[in-house]
Amino acid sequence: ARAESGKTAVLSELADKLKSSKNINQLDFKDLNNGDVWYVFECKGKKICIITSGDNSKDMEEWFGWALDYKSDVVVCASRSKGETIGCVNEYAEKGDYYVVWLSNYYCNSDESIIDMLNDCTAESILNVIEKLLNIKF
């Protein structure tokens, strides 16, 4: 997705939804000191990693390395849809034997309340995809 399109806000919303689920355990959290965060959650033996940043491929290499160390079943990250971050996503998908599923958040040029609602809808959509991929219910 393009820069400044709400990727971090959507993934933060997704993390909040996972944290509030009684079936989820948060295994790890790292504050990346730039407004972005990294999480690992577990549900029914399945590990889900969320990386809210994705604009810098050098940083992503380190964060994907952490996800691989945890043997994450699903890695959700923010990424631009062009440039070197695509190569980084594809490289680590191959290393971890992951499918790459590109999703995009909804966008609106409206007021904040509409944008917040759309971010929530996008986070719900990602949650549904994860549930179906892992055959679990949060």
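Contact here means heavy atoms within 4.5 Å. With that in hand, here's a quick tour of this predicted model. Helix H1 meets helix H4 through residues that include Leu11, Leu14 and Lys17 on the H1 side, and a salt-bridge network joins Glu13, Lys17, Asp120 and Glu124. A second helix pair, H2 and H3, crosses at roughly 20 degrees. Two lysines, Lys44 and Lys71, have positive phi values.

**H1 against H4**

- Two packed helices are described by the angle between their axes and the distance between the axes.
- For H1 (residues 7–20) and H4 (residues 112–134), the axes come within 8 Å and the crossing angle is roughly 60 degrees.
- That angle falls outside the ranges for roughly parallel, antiparallel or perpendicular, so H1 and H4 are called oblique to each other.
- As for handedness, H1 and H4 make a right-handed crossing.
- On the H1 side, the residues in the contact are Ala9, Val10, Leu11, Glu13, Leu14, Lys17 and Leu18.
- Facing them from H4 are Asn119, Asp120, Thr122, Ala123, Glu124, Ile126, Leu127 and Ile130.
- Sorted by class, this H1–H4 contact has nine nonpolar residues, two polar ones and four charged ones.

**Salt bridges**

- In total, the structure holds seven salt bridges.
- Lys17 pairs with Glu13 through their side chains, at 3.7 Å from N to O.
- Lys17 and Glu13 are about one helical turn apart, because they sit four residues from each other in helix H1.
- Lys17 also pairs with Asp120, and here the N to O distance is 2.7 Å.
- This second pair ties together distant parts of the chain, with Lys17 in H1 and Asp120 in H4, 103 residues apart.
- How buried or exposed is Lys17? Its relative accessible area is 17%, so Lys17 counts as buried, the cut-off being under 20%.
- Its two partners come out as partly exposed: Glu13 has a relative accessibility of 28%, and Asp120 has a relative accessible area of 28%.
- Away from that group, Glu131 forms a salt bridge with Lys137, with the closest N and O atoms 3.5 Å apart.
- The two ends of that bridge sit in opposite settings: Glu131 is buried at 9% relative accessibility, whereas Lys137 is exposed at 56%.
- Shared partners link salt bridges into one network made of Glu13, Lys17, Asp120 and Glu124.

**Met117 in H4**

- Helix H4 also holds Met117, which is partly exposed at 41% relative accessibility.
- Measuring C-alpha to C-alpha in the model, Met117 is 9.7 Å from Tyr106, and the two are 11 residues apart in sequence.

**H2 against H3**

- H2 covers residues 57–69 and H3 covers residues 84–95, and their axes come within 10 Å.
- Which way do H2 and H3 run relative to each other? Their axes cross at roughly 20 degrees, and angles under 35 degrees count as roughly parallel, so H2 and H3 are roughly parallel to each other.
- The crossing of this H2–H3 pair is right-handed.
- From H2, the contact draws on Ser57, Met60, Glu61, Phe64, Gly65 and Leu68.
- From H3, the contact draws on Glu84, Thr85, Cys88, Val89, Tyr92 and Lys95.
- By class, the H2–H3 contact breaks down into six nonpolar, three polar and three charged residues.

**Two lysines with positive phi**

- Most residues other than glycine have a negative phi.
- Lys44 has a positive phi, near 50 degrees, and is not a glycine.
- Where is Lys44 found? Lys44 is in the loop between strand E2 (37–43) and strand E3 (46–51).
- Lys44 is exposed, at 59% relative accessibility.
- Lys71 has a positive phi too, of about 55 degrees.
- The loop that holds Lys71 runs between H2 and strand E4 (74–77).
- Lys71 has a relative accessible area of 62%, so it counts as exposed, with the cut-off at over 50%.

Key
Residues are numbered from 1 along each chain as its sequence is written. This is a predicted model: local features need pLDDT of at least 70, side-chain atom pairs count only at pLDDT 80 or more; totals for chains, interfaces and linings use all residues. Side-chain values use heavy atoms; hydrogens and water are left out. Axes are lines fitted to C-alpha atoms, for helices over the stretch in contact, and angles run from 0 to 180 degrees between N-to-C directions. Helices (H or I, at least four residues) and strands (E, at least two) are DSSP runs, numbered from the N terminus. Angles under 35 degrees count as roughly parallel, over 145 as roughly antiparallel, 65 to 115 as roughly perpendicular and the rest as oblique. A crossing is left-handed if the near helix is turned anticlockwise from the far one by less than a right angle, and right-handed if clockwise. Ala, Val, Leu, Ile, Met, Phe, Trp, Tyr, Cys and Pro count as nonpolar, Asp, Glu, Lys and Arg as charged, and the others, Gly among them, as polar. Buried means under 20% relative accessible area, exposed over 50%, partly exposed in between (1.4 Å probe, protein chains only). A salt bridge is a side-chain nitrogen of Lys or Arg within 4 Å of a carboxyl oxygen of Asp or Glu.
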